[in-house]
Structure formats: structure tokens, C-alpha cells
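User: I would like to learn how to read a structure like this one. Can we go feature by feature?

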Amino acid sequence: MEKLFSIGFWSVVARFILRNRTLILVAIAACTVFMALQWKHMRFTYTEANLLPDDHEINLEYERFLNTFGEEGNLIVLGVKDSLLFTPKNFTAWNELSASLNTYDEVDLTLSLGNLQKLQKRQDTAAFELTPIASDSIWTDKGLEKFQQELFYKMPFYEGLVYSPSKKAVRTAVYLKKDIVNTPARKDFIVSTLIPEIEAFEAATGIEVRTSGMPYIRTLNSQNIIDEIGWFIGAALAVTSLIFFFFFRSVRATLISMVTVIIGVMWSFGILGLLHYEITVLTALIPPLIIVIGIPNCIFLINKYQQEIKQHGNQAKSLQRVIAKVGNATLMTNVTTASGFATFILTNSKLLSEFGIVASINILVIFLLSLFIIPIVYSYMAIPKYKHLKHLNKRWIGSFVDWMEKMVKEHRVAIYAVSVLLLSAGIIGIYNIKISGSIIEDMPKKKPFFKDITFFEQEFEGIMPLEILVDTKRKKGVMKLATLKRMESLQTYLEELPEFSKSISIVNLVKFSKQAYYNNNPEYYQLPNSQDRTFILSYAKGSAQDTNLLQSYVDTTGQYARMTTFMKDTGTERFDRIEEDLTAEINKIFPPDRYDVSVTGKALVFQKGTKYLVNNLVLSLSLAVLLIALFMAWMFRSFRMILVSLIPNLLPLIITAGLMGFLGVPIKPSTILVFSIAFGISVDDTIHFLAKYRQELISNKWRIKKSVYAALRETGVSMFYTSIVLFFGFSVFTISSFGGTVALGALVSATLLFAMLANLLLLPSLLLSLERSIANKETLRKPALQILPGKEEEEDGDS
């Protein structure tokens, strides 16, 4: 292995690349065309991210529910809070909107003011029939006033379903056909049909319509992801190219780098299509990530090429040295960066696993593209002129390096004091970090659909579906009066919790049946007692199928019942307490030996998914640290060097975690990514510095101080360049409308800034302070992996 990665191997690689320039460029062009053809296989996600493994008990329970009752998230709601709705013209328009939507193939059922019905006793059989609440006389001001009185005060069945508990808002329920909910047909209907219909109603009446429901939220959220991909790529290219040009002051170098990363972006889309992965809020970040991570590769290669040209002016020799001397170091740094992303593969979460696979593959791809394209393109060009090399002599860079050297030489105690202070503050902040399992927290808060979510939370007490599945363990057990009373007790308990809306189940229909039996007297909206249960339940059974009103709340065998409620956006800690109390209440109401009751639904799955990821955060980060520690051990063969190299990279993570605690940024699926990503990238600087440090030790005959300062001067500029590019590159994500993406960009940027300072100040300080225990020939034996060639090896490589 040592021989494989020796300077001789990389000299062979350099000769191969430069001797087969045209063939390699043709191969890259052909592969790029192939990858572009894979774009047609790209798919955008149509569901919320399921963060749990497929075989997790929560997922299995949710699948059991779906197999019994079908897709739960098929409800779209249109809400209005405007007294002008109850005028003949506007009321007619509102009902026409509902009727029009009901004609589309994608819609299963609409429930609106105009088509509300009540139960009436039939004369010919022991059952009920549905009759319209709205009579022919409703289309006048007095008729509408009478309609409101009857609906709001005599039809408690529709409370929370059609009109709000405050009786100030009403809504239309649009139930999509379940088989299109997770398909492109859902998006087509919402974007091309539903939204234009609503806009036409608003234009005709001047009444604002609030729209929500999981299918609607999913569609607009996915559209935002699609829209932002272009913004991210454009912003990342603009920012990195400007910074690159500022450093190099060369249009040619900037264009070569931009072309390289653009090809990398094309390949990243192609790999997504080739693997048939969905584009989610995470995988959408990969193309701009490739730009941000690819530019430092370009900086190292071009900077080294220009240094070689300045030194001896021989282009062929310069290009060969660029590949031979920088190729290995750049490979190793890209491998460590890819390792940080690859740890997500082991989380058993499909969402994170796919992100880890695609990101790590593309990081290695952009390395190969940089290594091939930049030397080959420069080989076809004239030798850089003096104006292209002036940036190597910038005074402010020299001043920055002088400042670093002075700090390390004269102020090591201050560096340690500040480090300990920041470490202490970070640990204190970590204890203030909260966990967030909110489905909507990361959604764009300035978008109209997010404001609509807030409206429904205020007026209808929730929008996120939570389901309770009741298994009576016997056929037709649901319609037993004892079961119905237990379900009613649980519904009463749920209504006492401010986080839940009024729940819906077969109990509502049975109570509606009793009210109907007693001539629709609202005082009889209750479950039957022991005296009237026989004929009331027979009526309810006879009409449940005919009414088509709540048949989806009991399965065909009568063994399973569902109870649907809607949750407000609830914090994880509060949700945990609610779940614990709810479970205790369920066990108290439903004896476990007679009933099997489970809580499920999208809201619960997402909450549990977030907790699962948090529990795996330590695992994934530990794996990243372990992988890189093993890499360091293999590279330097020194346990002490492992410790010295990890300290400057773990400290920034602790500081960032502390900042999250102090700033109130919660741990959630998006911010969980920060630590492994930042660690994988920041350790690159450590590898460059320590590799150069060991090289200087050998050439300076183990004079520690001279070696540290020489390594600091040579690697400091490149580390500064790349860190600045990474800082501003990740800052691009702060333009996102998704809160999680903003947090990810800001936190990774901050972490990498801290990591740069730690590697430029704390790392050399540790080497100087611990020089006697770590900087000797026994501790720093010849490494298994030669990152940078020694000076004698350079000459051999050039000969």
C-alpha cells in the first residue's frame, strides 16, 4: 500500500493524464452526455420525509393502519373567515366552487356548506336517509341567516369538521382519491386546477380563501424545493467565482474552475437519476455542495501550478508536479470529506442514507474531474504571465501569515485560554439545546401556504393528522355499545388537550343517529343509553353504509375503528409528555386483554423519526471521528498525533453546538447534518498541515519550532483561501426559504470558520507545547501513507 501511494505512483498517474489528454477529455465529455441523459429519471418527492427505518415498529404500525384504512393524508381544506360569505351572491359562488371541484376525476368527495346533509328517519325501514340542510329558500338573506342558526346551533356533528368551534370560520373539505395522493397527478391537480379555481373565486367575491391539508402542503413545499435548486446553484457559482477571482485575479483560472464544477453538478444530477433517487430537501443540496467543495480542489491545483511556474517556468514539469505532489493530498482530503457524508449511510434512515451515498460519490467524482480537467486544460494554454502570478505576493496575505506566526510564537497562553473559555461556553450551551420534531418548522414561513397553516391551527385547532387505531379483536366489535362508550371517553380526553382538534370517529355518526331519531334535537347528540341502544344502533348500522358519511372510519369486518384528530405544531418535549399521558389514558380506558389500541399517523411518524435521528447523531459523528482517527493512525502511526489532530476539529463542533443552544436553534433533521459535514471538511486542513509539518521535520533535522513555522507559512495561505471559499459557499444556503437549510448553511459556515482558526492557531500551538512528547523520531516514524513527498522524493519524481 505504501508503494502504491508513493510519489512514483503519482508520477505514473501524471504521465498517464498528460500523455492521454485528448482521450481523457473525450471520455469526460461522453460521460457528461451520458449523465445528462439520466436526468429524465430524476423524481421529486411527493411525500414527507420518513426518517425511520422501514422495519421500525412505528413504521410497521403505520403500515398496518394504511393497509386497513388506506392513505390518511388525502384531505385538502379551504377555509374562509368572512361574514360576507353569507350573502346570496358569495354563498352561491362558494357552493359552485365546491361543486366544480367535485366534478374532477382526482376528487373523491367534497363536503361544503351547500351540500351538507342531515339524517332523517326513513318510514319504510329501520334506517336513516340523508336530506339536504339547505332548502330552496336559503338563497336569500333571511334564508342564509336561518341556515347559519341551524348549522351552528343544531348540528354539533359538523363542529370542527365544517365550522370552527368559535363559529366564525367555515371550511370546505376536499377528499382526493387515495390512489393519486402520492403521485404526480396530485401536483397537477393542485397546481393546474385547484389553485386557479380558488383564485377565480377570490377575484369574483373579494373573499380571501385559506388553503391547507397535507396534500396541498406537500405539493407547494416540493415546488419550493424545485425552485430553490436553481437559486442555490446560481448563487453558489456566483459567490465562489467572485471569491476565486478576488484571490487569483485571473479570468482564465476562474472560468476553468467554474467549468469543472459545472460538469460536477451535471454529474450529480445524473447520479441521482441513475440511482432513481427522489430529490428531497436534502438531496437538493448536493449540486451546490459539489460547487462549494469542488472549488477548494481547484484552488489547491491552480495555486500549486502557478507556484511551480513562478519557481522555474517549465510548464511540463509544473503540470507533472501538480498532479504528483498535490494529487495525493487532495485525494486524501476528499476522502475524509466523503467519509463525513458517508456516515449517514449507516443511520438506517432511507432519507439520510440516500443523501450520504450520493454526496460521498459526488465528492470523489469532483476530485477526479478536478485532477483531470485542470492540468489538461492548462497544458493546452500558454504559460501564465506575470500578472497571473502577482496574487502570490500579496502583502495582506503576508501580513496575515505574520500575524498567525506571532500569535503562535508569543501568545500561546492566550490561545489556550480562549480555547478553554469557548469550550466551557460550548458545553454550557449544549445543555440548552432542544429537539424539534415539527413537520412544519422548516417550511418557508413567508409563503402564503405557511400562513394558511397558522390560520387553521387557530380556527380549527390543528392540521397535522394523528390517528388512533382501535382493534376490538373480534368481528363487528366496533358497534358494541361498550366499545363506543370507551371511544367516546377517549375522544373527550383528546378534546381537553389544547394541542388537538375535535376528533372524528364512528362515535360521531352514532351520536348523529340518535339526534336524528329524536327529530334532530341537538340535546340528543349523544350515545344511546341502555334503553334505546337496540333500535338506535340498528338504525346506525343500517345507515352507515348508505350515508357514505363515515364508512371509512370502520373497516369492512367491523373489527377495526379509527379515530382521527389533528394536531397543532407541537414541540418534541411537549409531544413526549402528551404521548405518555395519552398512552396511560388509552390503557386505562381500553383493557389490553380485550383491545389493541395504537397511536399512529404522519405527525407521530415524523416526531419519532426526529428522535431516532438525534439518537443516531452521536453514532454517525462517532463513526466519522473513528474513521478519521483510524486514517490518521494509518497515516502517522502515532496515537499522540491522533489526539493532537482531533482536538482542533472537535472544539469547533462543541462551540457550534453551544451556539445552537444559546441561539435557540433546535436539533432537527436538517441541523443534525451539520456536525458530520463540518468535521469531514475541517479535518482536511489538519491533514495538510500535519503532512507538511512532518515533511519539514525531516528536512530540518527534527528542529520543531522551525518546522512548525515553515509548515504554517506554506499551508496557511491555502487553508485561508479554501476556508473563506467554504465559509461563503455554505453561506449561500442562508438565502433559502426553508428554516432548516438556513440553519445548516449558517452553522456549517460558522463551524468551518472556527475550524480554520483552530487549525492555524491551536494546532501549531499544541505541537510547540508538546514538542518533547510528540515530535521525535519514534513518535513520527515514516507514515504508511505519504501525503506530501519529501524534497529528495521530489527530485526523484521529476527525473
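User: Is β10 mostly covered or mostly open, and how many of its residues are buried?

Analyst: First, a caution: this is a predicted model. β10 is mostly covered, with eight of its eight residues buried. Now look at its two faces. Tyr560, Arg562, Thr564 and Phe566 point one way, while Ala561, Met563, Thr565 and Met567 point the other way. Both sets are buried.

User: Which strand pairs with β10, and in what sense?

Analyst: Strands of a sheet pair through backbone hydrogen bonds, either parallel or antiparallel. Here the partner is β9, residues 464-471, and the pairing is antiparallel over eight bridges. To find the register, take isoleucine 468, which stands opposite methionine 563 in β10.

User: Which order do the strands take in the open sheet of four?

Analyst: The order is β3-β6-β2-β7, with antiparallel pairing. β3 (107-111) and β7 are the edge strands; each has a single partner strand, so one side of each lacks a neighbour in the sheet. Neighbouring strands are turned by 15° against each other on average, ignoring direction. At the β7 end, β2 and β7 pair over three bridges. Leucine 78 is found there opposite threonine 211 in β7.

User: Which strands does α4 lie across?

Analyst: Helix α4, residues 88-102, lies across β2, β3 and β6. Relative to β3, α4 runs at about 160°.

User: How do I read a helix such as α15? What span does α15 reach?

Analyst: An α-helix has 3.6 residues a turn, so residues three or four places apart point the same way. α15 covers residues 448-460, 13 in number. From first C-alpha to last it reaches 18 Å, close to the 18 Å expected at 1.5 Å a residue. Next, check what follows: glutamate 461 has a positive phi, near 65°.

User: Which residues of α15 are buried, and what do they pack against?

Analyst: The buried ones are Phe449, Phe450, Asp452, Ile453, Phe455, Phe456, Glu457, Glu459 and Phe460. The buried residues pack against β2 (75-80), β6 (170-176), β7 (210-212), α7 (214-248) and β10 (560-567).

User: Where is the pLDDT lowest and where is it highest among the elements?

Analyst: Start with the chain: its average pLDDT is 80, and 88% of residues score at least 70. Among the elements, helix α26 (residues 791-798) has the lowest mean, 46, and helix α2 (residues 21-37) the highest, 92. Over residues 790-799 the pLDDT is below 50, and the model gives this stretch 15 contacts beyond near neighbours in sequence. Residues 1-6 also stay under 50, with 11 contacts beyond four places in sequence.

Key
Residues are numbered from 1 along each chain as its sequence is written. This is a predicted model: local features need pLDDT of at least 70, side-chain atom pairs count only at pLDDT 80 or more; totals for chains, interfaces and linings use all residues. Side-chain values use heavy atoms; hydrogens and water are left out. Helices (H or I, at least four residues) and strands (E, at least two) are DSSP runs, numbered from the N terminus. The expected span of a helix is 1.5 Å times one less than its number of residues. Buried means under 20% relative accessible area, exposed over 50%, partly exposed in between (1.4 Å probe, protein chains only). Contact means heavy atoms within 4.5 Å. pLDDT is the predictor's confidence in each residue, from 0 to 100. Two strands pair if DSSP finds at least two bridges between them. Axes are lines fitted to C-alpha atoms, for helices over the stretch in contact, and angles run from 0 to 180 degrees between N-to-C directions.
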